[in-house]
Amino acid sequence: MGLYIHVPFCGSICSYCHFSRTADHSPENRRRFVDGVLAEFEMRRAGCGVLSAGKRRLATCYLGGGTPSELEADLVARLLEGTVGRLPLAADFELTAEANPESLDEELARRWRELGVTRVSLGVQSLDAGVLDLLGRACDPATAREGLARACRIFPRVSADWIIGPGLRKENLLAELTEAAELGVEHFSVYILELHQGTRLAALAEQGTWQPAPDTEIERLYLAVIEHLDGLGIIQYEVANFSRPGAESRHNRNYWLGRPWLGLGPSAHGFWGRRRYANFDDFGDWLDEVESGRLPEASVDPLDLSARRLERLILSLRTRGGVPLEWLPGRGWDTEQGRREGLWEIIDGRLVLTGRGFLRIDTIEERLAGLTP
Ligand SMILES: C[S@@+](CC[C@H](N)C(=O)[O-])C[C@H]1O[C@@H](n2cnc3c(N)ncnc32)[C@H](O)[C@@H]1O
Ligand code: SF4
């Protein structure tokens, strides 16, 4: 099984981000957050025989956010003790934590290492001052570079997040990725900037004071990233994920394989006991529920067989392994057309998306959902 814990605190709020996060957090709220996660874990354990009897080993734990490096090490220690520490661990247990370069200093990184963090995912986004400024990041290029070097020195595995957005020069973007790879980053998540209602960037776009990059430009950059990282031996294995062979994110892989995982904290999702749940997004709403002794679930989806099949199809399609042809809908689906258009290839009886196909993943998923009974 996997465990995901969402830490909703950030030092400041980036201009594009729509995740569950707050920059308004006092020491008291951070303590209540940790108590809340431990209470949620206990409620879920009490309601599940498999979990309370320790019948499943924990393969991976992922501290995501928000920004886990905004939480003091003593609180992270309590968080892990009361969750990971109460489950039987797989021999090759992997513990990943997300961090921002400006808040993962030497002391915190060393404490995390002592607490068992084996893999760090560092939110770099760019090494260009103008781009970082537009994204509203609290980090300048020099701090990001220091953070990358420090993480690579201290942790066995380092992943870094980059964003493809406006104002990027292709040569600079590719040079940044090379620089990070040379420092020792062996896994990259490269996201195409999405514009979300309610963010500062969306407001600027509405006022007309800022414009997103044209799709053709974004596509050119995305395809260049795939080719460039491939040349460095860092291979795309999912729409947004690239790694050296063997350094793929085990936590994400377990999601894609449909293995069960528990999600704890605001906005966390879980897939447990053949049901998918989503916790309340808002920190205050989530806290109210757990402090009142209720499971903080905003929605629950008892996945029926057809929903599970569609989900398995879509999750596999997002990976480089692709899907067996027999999983595809029998009617209304034209495998030949997409192949002619260069959206996918047929390899050993499997449909495998190309880079151009990954760029159209949303449309392809919508079609599949419409054709699946
Ligand atoms: C929510 S963040 C959490 C980790 C950390 N706080 C950070 O900023 O990297 C995880 C990843 O989601 C990305 N992300 C958030 N909003 C996004 C958006 N609108 N479009 C593309 N990527 C986004 C972030 O840039 C980051 O790489
Ligand atoms: S991108 Fe990361 S640091 Fe920025 S607001 Fe979102 S979660 Fe916080």
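Which residue has a polar side-chain atom 3.0 Å from an oxygen atom of ligand 1?

**Polar contacts of the ligand**

The residue is Q125, whose polar side-chain atom lies 3.0 Å from an oxygen atom of ligand 1. The structure discussed here is a predicted model.

Backbone atoms also take part. A polar backbone atom of G66 is 2.9 Å from a nitrogen atom of ligand 1. In Y16, a polar backbone atom is 3.1 Å from a nitrogen atom of the ligand. Of the 540 Å² of accessible area that ligand 1 has on its own, the protein covers 93%.

**The surrounding shell**

Three elements each give two or more residues to the shell around ligand 1: β4 (119–125), β5 (157–164) and β6 (187–192). Ligand 1 is surrounded by 18 residues, and the closest of them are G66, N100, R137, D161 and E194. G66 thus appears both in this list and among the backbone contacts described above.

The composition of the shell can also be given by class. Nonpolar residues number 7 and polar residues 7, while 4 residues of the shell are charged.

**Packing of two helices**

Helix α4 comprises residues 106–114, and helix α6 comprises residues 141–154. The two helices pack at an angle of about 30 degrees, and their axes are 10 Å apart. Because angles under 35 degrees count as roughly parallel, α4 is described as roughly parallel to α6. The crossing of α4 and α6 is right-handed.

Key:
Residues numbered from 1 in each chain as written. Chains lettered and ligands numbered in written order. Predicted model: local features only at pLDDT ≥ 70, side-chain atom pairs only at ≥ 80, totals over all residues. Heavy atoms only, no water. Near = heavy atom within 4 Å. Polar contact = N/O pair within 3.5 Å; in protein donor to acceptor, adjacent residues only side chain to side chain. Areas by Shrake-Rupley, 256 points an atom, 1.4 Å probe, with all protein chains shown as cover. Helix = DSSP H or I, 4+ residues; strand = E, 2+ residues; numbered from the N terminus. Nonpolar A, V, L, I, M, F, W, Y, C, P; charged D, E, K, R; others polar. Axes fitted to C-alpha atoms, helices over the stretch in contact; angles between N-to-C directions. Parallel < 35°, antiparallel > 145°, perpendicular 65-115°, else oblique. Left-handed = near helix turned anticlockwise from the far one by under 90°.
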